[in-house]
Amino acid sequence: MNSQIKDCQQHEPIWGLASKTTILPSGRRRSWEINHFFKCPTIGMCLTLAEQKQLLKRTGLLIKKDNDYDIHEKLVASLESENRLSRRVDSLLSRKYEKQAQPLLGLDADAFTTQFKAAMENGEGDVALWAAGIHPRLSLEASREIFGVIHMAMHWTAAERMQSGRKQVRQAREISKLRERLKAESRQRRSMKTEIGACCQDRQRLKNELVAARRENTTLRQTLDALDHHQAKQALERESDRIQQDYVALSMRLEKTLRQVAALEEKNRCLHLQLEDASQLNRHVQAQTQAIIGQMADWNRCDASCPAFDLCKKRILMVGGITRMESLYRELIESRGGVFEYHDGYVKKGAKCLEGCFKRADVVICPVNCNSHAACSIVKNLGKKHNKTVHMLPNSSLSAVSQVISGEDEGMLAN
């Protein structure tokens, strides 16, 4: 990034800072003259990723290996002074927002702040943010209040993203269960098709046997009519009765088979409908998850100008807490640039292992509600012994841990 800025300085003689602020006839500042803390959110919220890439491509500053953050950082750096890229940024933002932002530029600080908050609530924060940056008479106090609203919105977005991640995990589990259910129902459906085929074969075989029995009965009756002998006639009648009984039994069996076939066909139809409903639910869940991820990615861009950007590789030791939430604690700390280390708080075998963790740590977090009195006492004593910062938290929630590390961020920035 620095080398590209130097190259741009060589090809752009006016890359230096503007000597004074210029108020245009439209009553606004240039984009490179806005307050420093508005530049990062202005690029992130007012320009899409496609627009950012196009701006860098037209100025020859886009390279293949640039990721989304590299692109964002180059555009933010360009707003430090007037240059080819910052002029293109100013022109694009003017085309997008100047007509909508014009009514806001005539407001005083209090009225503008009220309108800005309303715009953030209505989902029109991009217009209001650009207007705040180019406003020629906005006081430092009003600018700080507006930046506070934007900054806290980023925090809320991060919390929503974590909640969305947990929801995505639950949905993935539900999808996995649905897939297993679909597989089981598919196997059951194939099995029923096989049974239906066998029943159809039995049905055809019984029909053939019935036709043969009828023919045999007719033949026997004809034979009985032709016989004059009484005993032979009785024998033929007994045989006819037996055939008639077999016929009745076969008819009942055929009727039962037909009922079974009808029941299996109805069950097959119901399973097919369930399969279609499950497939539709699966597609809906996937589309909703992708939409949430895309929305969270657009709202969580940040760079080194943000006050809570990272923990400067500080090693954060957490003693105790909820063990199954270790991965969430780790994600929270490492997303801020810290190094996370975890100890479960059990000290029955001595505190030697815990003391070793203390020696490596910069900050120690100890939730009181998830540790014994003995463990809490050992943590406090080790903190005094090794002169380590120890935070005794009332609970082990992510919000409590987040408040502590946010405090560490602010302390680091103050230094």
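# A tour of the packed helices and the cores

Begin by selecting helix α3, residues 49-58, together with helix α5, residues 84-105, which pack at an angle of about 140° with their axes 10 Å apart. An angle of that size makes α3 oblique to α5, and the way in which α3 passes α5 is a right-handed crossing. Keep in mind while you look that this is a predicted model.

Now show the side chains where these two helices meet: on α3 they belong to E51, L55, L56 and R58, and on α5 to L85, R88, V89, L92 and K96. If you colour this contact of α3 with α5 by class, you will find five nonpolar and four charged residues, with no polar ones.

Next, leave α5 on the screen and add α2, residues 36-46. How far apart are the axes of α2 and α5, and at what angle do the helices pack? The axes of α2 and α5 are 12 Å apart, and the angle is about 60°; the two helices are therefore oblique to each other. The crossing of α2 and α5 is left-handed, whereas α3 passes α5 in a right-handed crossing. To see the contact itself, select T42, I43 and C46 in α2, which meet V89, L93, K96 and Y97 in α5. Sorted by class, the contact of α2 with α5 consists of five nonpolar residues, one polar residue and one charged residue.

V89 has now appeared in the contact with α3 and in the contact with α2, and it deserves a selection of its own. Once neighbours within four places in sequence are left aside, V89 is in contact with I43, L47, L55, L75 and L79.

From V89, widen the view to the largest nonpolar core, which has 36 residues, and in which F38, L75, V89, F112 and I146 touch the most other members. The elements that give two or more residues to this core include α4 (68-78), α6 (109-121), α7 (125-134) and α8 (140-226), as well as α2, α3 and α5. Which element gives the largest share of this core? That share, eight residues, comes from α5. A second, separate core has 16 residues, and to find it you can select M325, L393, V401 and I405, which are among its members.

Return to helix α7 and select G125, which lies in it. Is G125 buried or exposed? With a relative accessibility of 7%, G125 counts as buried, because the cut-off for buried is under 20%. Not counting residues up to four places away in sequence, G125 touches M45, F116, A119 and M120. A distance drawn from the C-alpha of G125 to the C-alpha of I150 comes to 8.9 Å, although the two residues are 25 residues apart in sequence.

Move on to helix α9, residues 230-299, where you will find N268. N268 also counts as buried, at 19% relative accessibility, and that value is still under the 20% cut-off. Its contacts, leaving aside neighbours within four places in sequence, are R189 and M192.

Finally, zoom out to the protein chain, in which there are 13 helices and four strands. Of its 415 residues, 37% count as buried. Among the contacts in the chain with a separation of 6 or more, 75% are accounted for by residues 24 or more positions apart.

Definitions and conventions: Residues are numbered from 1 along each chain as its sequence is written. This is a predicted model: local features need pLDDT of at least 70, side-chain atom pairs count only at pLDDT 80 or more; totals for chains, interfaces and linings use all residues. Side-chain values use heavy atoms; hydrogens and water are left out. Axes are lines fitted to C-alpha atoms, for helices over the stretch in contact, and angles run from 0 to 180 degrees between N-to-C directions. Angles under 35 degrees count as roughly parallel, over 145 as roughly antiparallel, 65 to 115 as roughly perpendicular and the rest as oblique. A crossing is left-handed if the near helix is turned anticlockwise from the far one by less than a right angle, and right-handed if clockwise. Contact means heavy atoms within 4.5 Å. Ala, Val, Leu, Ile, Met, Phe, Trp, Tyr, Cys and Pro count as nonpolar, Asp, Glu, Lys and Arg as charged, and the others, Gly among them, as polar. A nonpolar core is a set of buried Ala, Val, Leu, Ile, Met, Phe, Trp, Tyr and Cys residues joined through side-chain atoms within 4.5 Å. Buried means under 20% relative accessible area, exposed over 50%, partly exposed in between (1.4 Å probe, protein chains only).
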